[in-house]
Amino acid sequence: MPANFFKIWVSGTLLTCIMACGSKSTLPDPLEAGWKGSPVCQKVLDNADLRILKCTFPPGVGHEKHFHAKHFGYTLVGSTFRIEDTTGIREVNVPTGTDFYNDGIDWHRVLNIGDSTAVFLIVEPK
């Protein structure tokens with residue numbers, strides 16, 4: 001076997017590992033992440049096609065730093081949030097009935113700074 005074959009094989013293997021390993025977040029997902037040791041999301045459905053979460057945030061409760069896979073969200077009950085992510089920190093009013101879609105979020109953390117308990121459904125395709 002030529003020496004170049006071994007070099008090419010090792011390089012290809014390392015590149016594959018780096019690409020595969022780099023795409024997996026070390027952060028918790030929304031179900032694993034909570035707030036001060038308590039969960040904020042619960043599974044509504046988890047099957048071969050979808051995972052649906054219901055996430056509840058009373059005033060003063062947030063969601064510690066986590067990532068999101070591709071998902072659709074729907075606001076059952078809205079409130080005002082402080083959101084921190086790669087773009088900085090901002091305050092956002094999220095009205096009841098708001099829907100949103102993301103191809104994924106590298107990371108964010110949120111805090112309900114409003115006066116009502118917010119509730120979201122998060123729908124993740126598998």
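## A walk through two sheets

Let's start with one pair of residues: in β9, the bridge partner of F72 is Y101. Strands here are DSSP runs of E at least two residues long, helices are runs of H or I with at least four residues, and both are numbered from the N terminus. Two strands count as paired if DSSP finds at least two bridges between them. β6 and β9 clear that bar, pairing in the antiparallel sense over four bridges.

Before going on, a word about what you're looking at. This is a predicted model, where local features need pLDDT of at least 70 and side-chain atom pairs count only at pLDDT 80 or more, while totals for chains, interfaces and linings use all residues. Residues are numbered from 1 along each chain as its sequence is written, and side-chain values use heavy atoms, with hydrogens and water left out.

Now zoom out. The chain has one helix and 11 strands, and if you read along the sequence, the helix comes before the strands, in the pattern α-β-β-β-β-β-β-β-β-β-β-β.

The β6 and β9 pair belongs to an open sheet of five strands, in the order β3-β4-β11-β6-β9, with antiparallel pairing. β3 and β9 (99-102) each have a single partner strand, so they stand at the edges with one side lacking a neighbour in the sheet. On average, neighbouring strands of this sheet are turned by 20° against each other, direction ignored; such angles are taken between lines fitted to C-alpha atoms, for helices over the stretch in contact, and run from 0 to 180 degrees between N-to-C directions.

There's another open sheet, this one with four strands in the order β5-β10-β7-β8, and its pairing is antiparallel too. Its edge strands are β5 (62-68) and β8, each of which pairs on one side only. Here the average turn between neighbouring strands is 25°, direction ignored. Start at the β5 edge: four bridges join β5 to β10 (residues 105-112), and G62 has L111 in β10 as its bridge partner. At the other end, β7 and β8 form a hairpin with two residues between them. Seven bridges hook β7 (residues 79-85) to β8 (residues 88-94), and F81 stands opposite V92 in β8.

What about the surface? F72 and Y101 turn up again here, forming a nonpolar patch with Y74, L76 and V77 that has about 420 Å² of accessible area together. Accessible areas come from the Shrake-Rupley method with a 1.4 Å probe, and for residues only the protein chains shown count as cover. To join a patch, a residue needs over 30% relative accessible area and no salt bridge; nonpolar side chains (Val, Leu, Ile, Met, Phe, Trp, Tyr) are joined within 5 Å, like charges within 9 Å. A salt bridge, by the way, is a side-chain nitrogen of Lys or Arg within 4 Å of a carboxyl oxygen of Asp or Glu. Strand β6 (residues 71-77) gives the patch its largest share, four residues.

So is V40 buried or exposed? V40 is buried, because its relative accessible area is 7%, and buried means under 20%, exposed over 50%, and partly exposed in between (1.4 Å probe, protein chains only). V40 sits in the loop between β2 (38-39) and β3 (41-46). Leaving out residues up to four places away in sequence, V40 touches several others, including W35, F57 and H63; contact means heavy atoms within 4.5 Å.
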